[in-house]
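Student: I would like a close look at a single part of this model, namely the sheet and what lies against it. Please take me through it in one connected account, with the values that support each step.

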Amino acid sequence: MERDIAKIHLPFQSKHADSIENGSLHTSAIATAIDSACGCAVMLHLGKPAAIATVNLRVDYMRKPEPGRGLVIEASCYQYAEDFIYVGAAAYQVNSKIMCCNAVGIFKSDTPGPVLGMEMQ
């Protein structure tokens, strides 16, 4: 985490590839990592662990990552209204400025869920 930006590294692993022939990360693995990065950004924004839920997540895929390359996902909150947090994210190839995906999401805070008591670091 840097300031108000949550970063997640999704390394390439063949078990997350879309096919043996193509060898790039599968879109579902990318979407899951983006959702996780957005959730981390929400926790960072709230300043404490809390039960949250993804209400909506739109991922626009611009290009497939190059075969065998991982991604870095950066996410940050840009709006907070009542219990809803709005998040933007982008996925870049590792060690590159090449954007593969852009995403926007809406998250709900204070949702029913387990009590989370660990401190944010």
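Tutor: What follows goes from the overall layout to the sheet, then to the core, and then to individual residues in strands and loops.

The model is a predicted one, and its chain contains one helix and five strands, which follow one another from the N terminus in the order β-α-β-β-β-β. Of the 121 residues of the chain, 33% count as buried, while the accessible surface comes to about 7,100 Å², with 53% of that belonging to carbon and sulfur atoms. Among the contacts between residues at least 6 apart in sequence, 64% join residues that are at least 24 apart.

The five strands form an open sheet in the order S1-S3-S4-S5-S2, and their pairing is antiparallel. At the edges are S1 and strand S2 (52-61), each of which pairs on one side only, and the twist from one strand to the next averages 20°. In general, strands of a sheet pair through backbone hydrogen bonds, in either a parallel or an antiparallel sense. Here the pairing of S2 with S5 is antiparallel and runs over nine bridges, and within S5 it is Ser 109 that stands opposite Ile 52.

The sheet also takes part in the largest nonpolar core, a group of 23 residues in which Ile 34, Ile 73 and Val 87 touch the most other members. Strand S1 (6-10), helix H1 (27-46), strand S3 (71-81), strand S4 (84-93) and strand S5 (99-109) each supply at least two residues of this core, and H1 gives the most, with seven residues. As a general background, nonpolar side chains in soluble globular proteins tend to be buried together. Val 87 offers a good place to see the core in detail: leaving aside residues up to four places away in sequence, Val 87 touches Cys 38, Ala 41, Val 42, Ala 75, Ser 76, Cys 77, Tyr 78, Ala 103, Val 104, Gly 105 and Phe 107.

Another residue to examine is Gln 93, which is placed in strand S4. Gln 93 counts as buried because its relative accessibility is 1%, a value under the 20% limit for that class. Its contacts, again not counting residues up to four places away in sequence, are with Arg 63, Lys 64, Pro 65, Glu 66, Arg 69, Gly 70, Leu 71, Ile 98 and Cys 100. One of these contacts, Lys 64, is found in the loop between S2 and S3, and with a relative accessible area of 43% Lys 64 is partly exposed. The C-alpha atom of Lys 64 is separated by 7.6 Å from that of Leu 25, although the two residues are 39 apart along the chain.

In strand S5 we find Asn 102, which counts as partly exposed because its relative accessibility is 31%. Setting aside residues up to four places away in sequence, Asn 102 touches Arg 58, Val 59, Asp 60, Met 62, Ala 89 and Ala 90. The C-alpha atoms of Asn 102 and Tyr 92, which are ten residues apart along the chain, are separated by 9.2 Å.

The cysteines deserve a separate check, and a search of the whole structure finds zero disulfides. A disulfide is, in general, a covalent bond between the sulfur atoms of two cysteines. For Cys 101, the closest cysteine sulfur is that of Cys 100, at 5.9 Å, so the pair is too far apart for a bond; Cys 101 is buried, with a relative accessible area of 1%. For Cys 40, the closest cysteine sulfur belongs to Cys 38 and is 9.3 Å away, which is likewise too far for a bond, and Cys 40 counts as partly exposed at 31% relative accessibility.

Two loop residues complete the account. Glu 82 is placed in the loop between S3 and S4, where its phi is near 55°, a positive value in a residue other than glycine, and Glu 82 is exposed, with a relative accessible area of 70%. Asn 95 is found in the loop between S4 and S5; its phi, near 60°, is a positive value in a residue other than glycine, and Asn 95 is exposed, with a relative accessible area of 80%.

Notes
Residues are numbered from 1 along each chain as its sequence is written. Side-chain values use heavy atoms; hydrogens and water are left out. A nonpolar core is a set of buried Ala, Val, Leu, Ile, Met, Phe, Trp, Tyr and Cys residues joined through side-chain atoms within 4.5 Å. Buried means under 20% relative accessible area, exposed over 50%, partly exposed in between (1.4 Å probe, protein chains only). Helices (H or I, at least four residues) and strands (E, at least two) are DSSP runs, numbered from the N terminus. Contact means heavy atoms within 4.5 Å. Accessible areas come from the Shrake-Rupley method with a 1.4 Å probe; for residues, only the protein chains shown count as cover. Two strands pair if DSSP finds at least two bridges between them. Axes are lines fitted to C-alpha atoms, for helices over the stretch in contact, and angles run from 0 to 180 degrees between N-to-C directions. A disulfide is a pair of cysteine sulfur atoms within 2.5 Å.
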